[in-house]
Amino acid sequence: MYKGIAGSEGIGIGKVVIVKEQEVVIPNERVDDTDAELKKLQEAINVFVAKTEAMAEGMEKTVGKKDADILRGHIQMLQDPSIEEQITALILSTNISATMAVDQVLEQTAQLFEQIPDELLQQRATDFRDIKLRMTKILLGIEDVDISNCPKNTILVASDLTPSMTALINPENIAGILTEVGGRTSHSAILARAMEIPAVLSIENICELVKDGELVVLDGTTGEAEVSPSEDTVKEYEEKYKKFMEEKAMLKEFAGKPTVTKDGVKLELVCNIGKPKDIKKVIECDGEGVGLFRTEFLFMDRDEMPTEQEQFEAYKEVAQAMKGKPVIIRTLDIGGDKDIPYMKMEPEDNPFMGFRAIRYCLENTDLYKVQLRALLRASAFGNVKIMVPLVTCVDELRQVKVLVKDLMKELDAEGIEYNKNIPIGVMMETSAACLMADALAKEAAFFSIGTNDLTGYTMAVDRGNAKVAYLYSTYNPAVLRAIKMIIEAGKKEGIMVGMCGEAAADTKLIPLLLSFGLDEFSVSATSVLKTRKTIAGSDINECDKLADSVMECVTESEVVEKLKEV
C-alpha cells in the first residue's frame, strides 16, 4: 500500500501505463547569427500558441471553458512581454541559442514562484516548467508524449502530469492517475477533478515502483494506492467504486435545495473564487454566493497594476452574476512573499511574517485607494462586502475604515452611486487576530476564518517544509480552540462568522463547526453539494455532544480518532 496526496476523489481499478518523457538535452552552444535565433524563437512561440490553442479547444469540449483556460493561461504566460524581453536580451547579450535562453529564463521564473510560501502561487512553477519543456521540444524538434490512445481502464503513472499532458487524456479510458509530485491545488489535480478521474499525487518514486501492465487499485479520496492487489482487495475496491458512484448520484438530490441542518438551522453555503470567470462554476454548482474573491489574481501576469476601471468591471461582473447574493471580496493579499515586478517589492528573509497584505496596502495607500474605490463603485451592483486580510490589530481595521469613509466623500462629490453601508470585515488568519477577536468583533461587520494560514501561524509551521509538515493540521487541538474562540467572539457581538479555508469543506470537521456556531461555509464550487449533504445530515444536539468530547482531546491523534468514530 502506497500513501500520497488525495488529488481527485473516486476509486480507480486498472492497468498501469507509465508516461515516459524523452530526455531533453540542450546543447551548450554559442551562435553567430542572433537574428536567426530570434526568428527561430518567434517561430517556436507561434507553434506553441497554435498547438496550445488546439489543445484548449479540445479540452473545452470535454471538460468546459474554465478548465481549458488553464492551458490558455500558458499562452499568456509565454507571451508576457517581460518573459519575451528577457529571452531576447539573453540571446543578444550572450550569443546563446534560443533553446538555451528559453530554458534559462523559464527555469529562473519557475524557481522564483517555487520559493513563494503560497501553494496556489507555487503552482506557477509547474506551469512555467511545462511551458519550458514544450518550448525546448519544439525548438529541438522532439515530439510530445501522446497519451490520447491509452486503452480502457488505464492507470496513468507519471513523474508529474502537466496540464499539457492532461489535455490529451481521453477521460473515458483513464481509470486513475498516480504521480510522484503535485498537490491538491496543482493544475493536474484541478483538471483530474474536472474530468472526474481519481488521482493520488506525490507518491515518491512511483514510476520506479510499478511496471507497465501491472494491476493497480487506488482511492483518490484517501490518497491510497496498491500495486498487484489480491483478489479480495480488488473485490473490496469494486464495492468501494459501486458505493462511491451511488453516493455521487445521491448528491444531485441536494441541487437547488436550501442549506439547512436536520433540525432546521439555516446556513450559508458559498464559494471561493480567484477570477470573475470562476463565477460560472459557482452558479453551475449551486453556490449561494461568494465567500472569498481572491483579488490578487487580477494583479498578476501583467506589467502594471490594473486600473480602477478594470478592477471595477471585474468586481461588478461577479456582483451582478450573483443577483443580490453575498459577494465577499478580499482586498489585495500580496506582499514581500509574492514577486510582482511592477510593485518593486524588496526581498525579505522571512516574507511569510513580513511586509505583505494589509501591511503593504496601508503603506501604499495610493494603490490601495484605487482598489477600494473600485469596490465601492461595484457595491452599487450587488451585495458586495469588503474583507481585510492578515489583520493583527484593531488599528489596521480602523485605518481601512477611515480610507473608505474618505473615498465615500469623493464618490458623493462626483455623484457616483455605492452602498453607503457596505460591510467591512476581517479575515481571521493570525494568532493575534484570534487573541483580539473580542475587540475586532466590536469593529468588524463580519469575520471569515482562513484556516489555511490560521493553522500555519498557530502551529508556527511552514507548510512547504516537509520536516515540520506533520504539525500542519487543522485537527490539532490548538487550531480547533482558535477557531472556537473566534466564532464565540463573533457570536457574542452578533456578527456573521464564516470560514473560507479548506476546513470548511472537510466532512469530518463540519459537525464541529456547526456546534461552534459557524454561520457560513465557503468552499470550492465542486464541494458545494457534498458540503450541503453533510450539513443536511447533521443535528446540532448531536454535533454539540461530539464537540464536547473532541474539545477534551489534547493531541491531534485523539481528535482524529474521535472524528473517525462518527
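**Exercise 1.** Does Arg 373 count as buried or exposed, and at what relative accessibility?

*Solution.* The model is predicted, so local features need pLDDT of at least 70 and side-chain atom pairs count only at pLDDT 80 or more, while totals for chains, interfaces and linings use all residues. Residues are numbered from 1 along each chain as its sequence is written, and side-chain values use heavy atoms, with hydrogens and water left out.

Step 1. Buried means under 20% relative accessible area, exposed over 50%, and partly exposed in between (1.4 Å probe, protein chains only).
Step 2. Arg 373 has 11% relative accessibility and therefore counts as buried.

**Exercise 2.** Identify the salt-bridge partner of Glu 414 and place both residues in their helices.

*Solution.*
Step 1. A salt bridge requires a side-chain nitrogen of Lys or Arg within 4 Å of a carboxyl oxygen of Asp or Glu.
Step 2. The partner of Glu 414 is Arg 373, with the closest N and O atoms 3.1 Å apart.
Step 3. Glu 414 belongs to helix α14 (residues 394-414) and Arg 373 to helix α13 (residues 365-378), so that distant parts of the chain, 41 residues apart, are linked. Helices (H or I, at least four residues) and strands (E, at least two) are DSSP runs, numbered from the N terminus.
Step 4. Glu 414 is partly exposed at 46% relative accessibility.
Step 5. Shared partners join Glu 308, Arg 373, Arg 377, Glu 410 and Glu 414 into one network of salt bridges.

**Exercise 3.** Describe the contacts of Lys 240.

*Solution.*
Step 1. Lys 240 forms a salt bridge with Asp 219, the closest N and O atoms being 3.5 Å apart.
Step 2. Because Lys 240 lies in helix α9 (residues 231-251) and Asp 219 in strand β7, the pair ties together parts that are 21 residues apart in sequence.
Step 3. Lys 240 is partly exposed, at 27%, whereas Asp 219 is buried, at 5%.
Step 4. Lys 240 also lies over the face of Tyr 237, 4.5 Å from the ring centre. A charge sits over a ring if NZ of Lys or CZ of Arg is within 6 Å of the ring centre and within 35 degrees of the ring normal.

**Exercise 4.** State how strand β7 pairs with strand β8.

*Solution.*
Step 1. Two strands pair if DSSP finds at least two bridges between them.
Step 2. Strands β7 (residues 215-219) and β8 (residues 224-227) are antiparallel, with four bridges.
Step 3. Val 216 stands opposite Val 227 in β8.
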